[in-house]
Amino acid sequence: MTTLDDLPIRDDLRGRSPYGAPQLDVPVRLNTNENSYPVPEPVVEAIGKAVAAELRDLNRYPDRDALALRADLAAYLGHGLTADHVWAANGSNEIQQQLLQAFGGPGRTALGFTPAYSMHPLLALGTGTGWLPGVRDADFGLTAAAAVAQVREHRPDVVFLCSPNNPTGTALDPAVVAAVLAEAPGMVVVDEAYAEFARPGTVSALAVLPGHPRLVVTRTMSKAFGFAGGRLGYLAADPAVVAAVQLVRLPYHLSALTQAAARAALAHRDALLGTVSAVMAQRDRIVAELRARGHRVADSDANFVLFHVDGDQGAAWRTLLDAGVLVRDVGLPGWLRVTAGTPAETDAFLTAMEKLS
């Protein structure tokens, strides 16, 4: 049987593993930060009608610039943004890949502050961009001074900031974004995939977009909108950034069906985002309950919680799995991550956690 070693694969890809989380058939799956609430039936019907309207013309290519969708996304974001400030793709991963294709690449570097989203170094690898693993404080925090010092040392072409950060959950102090923008010689990408779940008073980087042409804010419809299967991510930035990523995008990268479904979802955003407060309540419940039991827990502005377990986190992960609850081992010694789901899923998780006592 042929293996990767038998093929003339790039040397820097040898020995690598693809990104992914276990998709196991268990009663409670809380490992991929999906929205546990199904799409409401009225929205299902609206999306179905929108997609059906496109079927007769599938012999034609879609709008390669997705102008109507971009206008809808801009209206959702507010902040005076227009379609010229927004770009959309198949998930925020593709958005970030396009950014690295345009602003990274061979001979250039990207800096991220780990632990952070594990796809960022893989996207750098795939685009031939050198990856610089920056560091956070012992409590996973990131101060403006620490971030600036690392940017000053490495002078990266692209800086990734996650707010809220995955897998730790906490949003950044706006001062960190401002300080990095002032110091970074290249692009600054703020990954706000979980922004809709942030605690009250959290400031989005969208607020400082005006006057900062090297700032990019990336978002997704996978989490708060419960649209993970629809695969729609987007960015907000200066129109010149949108023009830059269009140089590297694949032709017709967003299907007509994806665009129609996403527009229908945006038109019913009040119904879809109606679950956000319920998810936040379960997140805060998990944090409070685990701390009451003596666990160390990271503050969270996302739809998940990072918590500490005694001993080997791999063994703890297996114990929870044996109890029918799948969480995420993110590779941090002693830590696991759980998605905040429905009240029943939280009940199951907290009950399973008793087995770790």
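**Close-up views of a sheet and two helices**

**View 1. Strands S7 and S8 pair side by side in this predicted model.** Strand S7, which covers residues 215–220, and strand S8, which covers residues 233–237, are joined in the antiparallel sense over five bridges. One residue to look for is Thr218, whose bridge partner in S8 is Leu235. In general, the strands of a sheet pair through backbone hydrogen bonds, and they may do so in either a parallel or an antiparallel way.

**View 2. An open sheet is formed by seven strands.** Read across the sheet, the strands follow the order S2-S8-S7-S6-S5-S3-S4, and their pairing is mixed. Strand S2 (86–89) and strand S4 (130–135) are the edge strands, each of them pairing on one side only. From one strand to the next, the twist averages 25°.

**View 3. Helix H5 lies across three strands, namely S3, S4 and S5.** Strand S3 spans 109–114 and strand S5 spans 158–162, and H5 runs at about 155° to S3.

**View 4. Helices H5 and H6 pack against each other.** Helix H5 (residues 144–154) and helix H6 (residues 174–183) meet at an angle of about 20°, while their axes are 9 Å apart. Because angles under 35 degrees count as roughly parallel, H5 and H6 are therefore roughly parallel to each other. Their crossing is right-handed. On the H5 side, the contact is made by Ala144, Ala147, Val148, Val151 and Arg152, and on the H6 side by Ala175, Val176, Ala179, Val180 and Glu183. Sorted by character, the residues of this contact comprise eight nonpolar and two charged ones, with no polar residue.

Methods: Residues numbered from 1 in each chain as written. Predicted model: local features only at pLDDT ≥ 70, side-chain atom pairs only at ≥ 80, totals over all residues. Heavy atoms only, no water. Axes fitted to C-alpha atoms, helices over the stretch in contact; angles between N-to-C directions. Helix = DSSP H or I, 4+ residues; strand = E, 2+ residues; numbered from the N terminus. Parallel < 35°, antiparallel > 145°, perpendicular 65-115°, else oblique. Left-handed = near helix turned anticlockwise from the far one by under 90°. Contact = heavy atoms within 4.5 Å. Nonpolar A, V, L, I, M, F, W, Y, C, P; charged D, E, K, R; others polar. Pairing = 2+ DSSP bridges.
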